[in-house]
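Reader: I would like a close look at one single part of this structure. Please explain the terms as you go.

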Amino acid sequence: MDMNQLPIGFALGMSMKKDALDAYSKLTEAEKEQVLNECRDAKSKADMDRIISRLSGDWL
């Protein structure tokens, strides 16, 4: 996975949650694109945190 292609907030957040990074790496390309679209639409840090938490299995 090329971290340079990820939105910065997403990359930083995932760098702090290894389980989210592992889960993201196991997604299909279509699923990854869906997550990235959600990240691009995120309006706040809280929105980004929810996306990352969902990937790691920690639902808020």
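Author: What follows is a look at helix α1 and its surroundings. This is a predicted model, in which local features need pLDDT of at least 70 and side-chain atom pairs count only at pLDDT 80 or more, while totals for chains, interfaces and linings use all residues. Residues are numbered from 1 along each chain as its sequence is written, and side-chain values use heavy atoms, leaving out hydrogens and water.

The chain averages a pLDDT (the predictor's confidence in each residue, from 0 to 100) of 88. Helix α1 covers residues 8-15 and has the lowest mean pLDDT among the elements of the chain, 90. Helices here are DSSP runs (H or I, at least four residues), numbered from the N terminus.

The buried residues of α1 (under 20% relative accessible area, with a 1.4 Å probe and protein chains only) are Phe 10, Ala 11, Gly 13 and Met 14. Seen down the helix axis, they fall within an arc of 165 degrees, so they line one face of α1; the arc is that of the directions from the axis to the C-beta atoms. On the other side, Ile 8, Leu 12 and Ser 15 are exposed, meaning over 50%. The cover over the buried residues includes α2, α3 and α4, where contact means heavy atoms within 4.5 Å.

Phe 10 has 0% relative accessibility. The structure holds one aromatic pair (ring centres within 6.5 Å). The rings of Phe 10 and Tyr 24 have centres 5.4 Å apart and planes at 75 degrees, so the pair is edge-to-face, a label for planes over 60 degrees apart. Phe 10 lies in α1 and Tyr 24 in α2, so the pair ties together parts 14 residues apart in sequence.

Methods:
Helices (H or I, at least four residues) and strands (E, at least two) are DSSP runs, numbered from the N terminus. Rings of Phe, Tyr and Trp (its six-membered ring) pair if their centres lie within 6.5 Å; planes under 30 degrees apart count as stacked, over 60 as edge-to-face and the rest as tilted.
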